Protein chains: 2
Amino acid sequence: MTPAATVMERCDILAACTEEPGRITRPFASEAMRRAHVYVHEWMRRAGMTVERDNIGNLRGRYEGTGAGTFLLGSHLDSVRDAGRYDGPLGVLVAIAAVQQLHDADRHLPFALEVLAFADEEGLRYGSTYLGSRAVAGKLGEDELQRIDDAGLSMAQAIREFGGDPGRIADDRWTGEPPLGYIEVHIEQGPVLESLGLPVGVVTAIAGQDRMRITVSGEAGHAGTVPMEQRRDALVLAAMFVVAVEQEARRRPGLVATVGRLQVEPGASNVIPGRVELTLDVRHADDQVRLEAARRMIDDAHALAEGRGLTVEVHPMSERAAVACSPRLTSMLRQAIGESAVQLASGAGHDGVYMAEITDIAMLFVRCKGGVSHNPAESVSTQDVGVAIDVLGRFLELIAKQ
Amino acid sequence: MTPAATVMERCDILAACTEEPGRITRPFASEAMRRAHVYVHEWMRRAGMTVERDNIGNLRGRYEGTGAGTFLLGSHLDSVRDAGRYDGPLGVLVAIAAVQQLHDADRHLPFALEVLAFADEEGLRYGSTYLGSRAVAGKLGEDELQRIDDAGLSMAQAIREFGGDPGRIADDRWTGEPPLGYIEVHIEQGPVLESLGLPVGVVTAIAGQDRMRITVSGEAGHAGTVPMEQRRDALVLAAMFVVAVEQEARRRPGLVATVGRLQVEPGASNVIPGRVELTLDVRHADDQVRLEAARRMIDDAHALAEGRGLTVEVHPMSERAAVACSPRLTSMLRQAIGESAVQLASGAGHDGVYMAEITDIAMLFVRCKGGVSHNPAESVSTQDVGVAIDVLGRFLELIAKQ
């Protein structure tokens with residue numbers, strides 16, 4: 001069996017570790033995660049690693065080197081509800097496969113390798129993302145432990161039941177010598193590699209993101225009796241805004257902007273909409289471009305509203321700055337791929353966002369069918385996974401040669 | 001107390017006949033309606049009328065004339081949920097006030113007057129509108145009696161409990177000599193009279209209406225990872241359609257078009273909308289104008305979708321032809337108002353739609369504050385109600401002089 005076929009089989013095995021029969025749902029610190037850990041622990045062990053679980057619930061496999069220093073590899077084991085089988089686990093299993101190849105050849109690099117299988121990146125159970133990598137980066141505040149899940153169980157209780165000590169999360173923080181770097185393999189979750197016909201791509205940066213909630217207030221009225229010129233239809237204004245957002249986004253290469261949620265009140269077929277609430281999500285690898293575009297979109301909303309006697313309120317929800325991948329590591333990753341290496345930004349967030357707090361990061365994207373993710377239809381090919389394993393192996397050799 | 005003040009007081013009394021304490025909800029054949037009937041019956045009697053209740057539950061007050069023939073006046077006593085106090089009752093009470101003035105002067109016109117207080121126009125209880133006027137027009141099919149309300153009670157049972165015979169609804173049909181005409185006083189439910197500074201207006205027609213459900217299908221995707229030029233965002237297309245609908249509507253005087261409901265799937269802030277379902281409501285007093293506009297809007301939807309690789313499905317929900325008011329009666333109504341008479345179409349449906357099946361109809365609109373209806377904020381002024389009573393009285397005198 002090839003290393004890639006093994007990775008594919010293991011993705012299937014982890015997919016069966018789920019809270020919901022018939023679909024993949026593997027939340028933080030769940031029984032499903034406990035079963036996944038039994039497998040991943042064993043696979044790490046077989047690859048010559050010593051394995052530990054930290055307090056937040058990350059599984060950490062360590063493969064010693066001939067010299068000092070540690071290079072980190074990782075991704076997350078948790079999933080969204082009704083997930084695909086590759087978002088997260090693929091990166092953990094490709095990392096284990098790369099270590100396995102060294103172990104099979106009885107080779108050790110001049111530095112140790114540590115595979116981090118993060119406990120939570122999606123935030124399904126507690127509505128707070130990146131729990132695993134935040135703990136490693138020392139950025140998980142104690143207040144987070146008070147969060148309550150749908151069953152009323154606090155995060156502290158969940159950690160305790162899973163076998164961790166919620167009072168010692170600070171111990172999960174990386175200490176001692178800074179790591180030599182961090183690399184994560186992940187499915188692209190977008191259609192770019194597929195449209196270019198390439199198995200893998202190099203990530204330049206994890207895009208920054210603005211999220212906001214926008215409320216348009218007009219005046220409800222009877223759909224039959226209020227003449228067009230006397231209306232203050234909140235949906236017409238919201239529609240003009242959605243169109244303007246798309247135009248602004250298309251004007252700027254690499255920018256994506258999305259109105260994903262839009263709710264109309266009162267929402268009856270015979271009533272003029274009086275109020276619309278919508279969300280705007282703007283992302284770009286360059287924070288300046290993103291901020292300028294978001295400001296322009298908000299200006300558009302206010303200008304449209306003013307022209308029609310409506311009001312617009314903008315409520316910021318979150319802002320995340322872009323995280324650049326290390327030019328040094330990225331250049332080595334390109335070298336490991338060879339001539340066909342393409343670079344792309346990641347529009348989605350990843351554990352690398354927090355790992356960048358403690359070390360240089362790099363990311364390798366693997367082509368996924370139709371760009372689909374967070375969905376059972378998520379699909380990657382064994383061949384592309386083979387390329388990813390090879391690229392990761394060559395990348396580690398290049399680091400070792402430095 | 002002036003006749004107008006009496007009408008206003010009676011509107012308040014009927015507002016207290018409700019199924020829901022604190023708000024006005026008076027469904028078909030309800031206990032609240034039974035209490036309303038006790039009052040209206042008494043007010044009809046005091047105005048010199050003999051009163052009967054038919055099988056569907058219309059209260060009919062008859063004021064005899066000196067000669068043959070009957071002129072009908074009416075509106076409905078039922079309400080929507082959390083209603084205002086004037087939509088419906090005002091027309092019944094203004095009609096009673098007009099008869100009261102004849103009775104007080106001991107006068108009879110050359111024809112009888114019959115005030116019809118319809119049992120149901122809004123359709124709140126059984127989801128089927130115009131029950132009262134349909135029974136009078138002989139257009140209420142027996143199959144309607146099988147409808148079930150939220151409590152599981154059939155319309156036939158409700159009619160029986162209210163005191164009618166569901167097997168004899170056909171007897172409610174107007175028989176014998178055709179009526180001389182029908183006039184209905186109703187709040188405008190729109191802002192036109194208010195913006196013109198006029199107390200009343202003459203209705204030329206009850207607009208025809210097209211209602212349809214439109215489904216836009218694109219492709220959902222990750223809001224961070226799918227480049228703008230690779231998206232098939234159903235909401236962007238729906239937004240372009242909403243904007244196009246408004247433009248088409250503004251181009252045609254008297255046309256109103258409304259997208260009142262719009263639902264986005266999956267509807268998450270970080271997911272590109274894959275599907276949008278929306279409603280379109282198009283109304284105009286001239287069926288040709290309405291049909292041409294609706295066709296044009298649907299063509300726009302298909303053209304927009306084709307240009308972007310999405311699909312649009314149009315599901316007709318209902319179509320109602322326009323109902324013209326009688327030019328003869330309308331001209332007399334204008335004469336009764338005098339020089340300030342303005343004409344406007346009714347965008348909302350009224351019992352006149354069915355009364356037009358058996359006789360000529362006319363309608364008088366009364367200004368309402370802010371054009372608001374179907375809402376506790378519904379408001380009319382005593383002064384305007386006084387004008388309506390006077391106009392109705394003069395109108396009947398003009399008919400009598402013919």
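Biologist: In this predicted model, by what turn and shift can chain A be laid on chain B?

Modeller: Superposing one copy on the other gives a rotation and a shift. Here a turn of 180 degrees, with a shift of 0.2 Å along the axis, lays chain A on chain B with an RMSD of 0.2 Å. The two copies are thus related as by a two-fold rotation axis.

Biologist: In chain A, which C-alpha is nearest the axis?

Modeller: That of Ala239(A), which lies 2.1 Å from the axis.

Biologist: Through what surface do the copies meet?

Modeller: One compares the interface residues of the two chains. Of those in chain A, 100% are also interface residues in chain B, so the copies meet through the same surface.

Biologist: How should I read the overall build of chain A?

Modeller: Begin with the secondary structure, which comes to 11 helices and 16 strands in chain A. Then take the radius of gyration: chain A has 23 Å, close to the 21 Å that the globule rule gives for 402 residues, so chain A is as compact as a globular protein of that length. Along the principal axes, the C-alpha atoms of chain A fill a box of roughly 80 × 50 × 40 Å.

Biologist: How many of the residues of chain A count as buried?

Modeller: The share is 58% of the 402 residues. Contacts can be read by their separation in sequence. Among contacts in chain A with a separation of 6 or more, 78% are between residues 24 or more positions apart.

Biologist: How many disulfides are there over all chains?

Modeller: The test is the distance between cysteine sulfur atoms, with a cut-off of 2.5 Å. The count comes to 0 over all chains.

Biologist: Why does Cys17(A) have no such bond?

Modeller: Because the closest cysteine sulfur, in Cys11(A), is 12 Å from the sulfur of Cys17(A), too far for a bond. Cys17(A) is buried, with a relative accessible area of 2%. In chain B, the sulfur of Cys11(B) has its closest cysteine sulfur in Cys17(B), at 12 Å, again too far for a bond. Cys11(B) is buried too, with a relative accessible area of 0%.

Biologist: How do I read a charged residue such as Arg10(B)?

Modeller: Look at its place, its burial and its partners. Arg10(B) is found in helix H1 of chain B, residues 3–15. Arg10(B) is buried yet has no salt bridge.

Biologist: Where is the nearest side chain of opposite charge to Arg10(B)?

Modeller: In Glu9(B), 6.1 Å away; a salt bridge needs the charged atoms within 4 Å.

Biologist: Which residues does Arg10(B) touch?

Modeller: Leaving out residues up to four places away in sequence, Arg10(B) touches Trp43(B), Arg46(B), Leu93(B) and Ile96(B).

Technical notes: Residues numbered from 1 in each chain as written. Chains lettered and ligands numbered in written order. Predicted model: local features only at pLDDT ≥ 70, side-chain atom pairs only at ≥ 80, totals over all residues. Heavy atoms only, no water. Helix = DSSP H or I, 4+ residues; strand = E, 2+ residues; numbered from the N terminus. Buried < 20%, exposed > 50% of the residue type's maximum accessible area, 1.4 Å probe, protein only. Lys, Arg positive; Asp, Glu negative; His and termini not counted. Contact = heavy atoms within 4.5 Å. Least-squares fit on C-alpha atoms with pLDDT ≥ 70 in both. Rg over C-alpha atoms; globule rule 2.2 N^0.38 Å.
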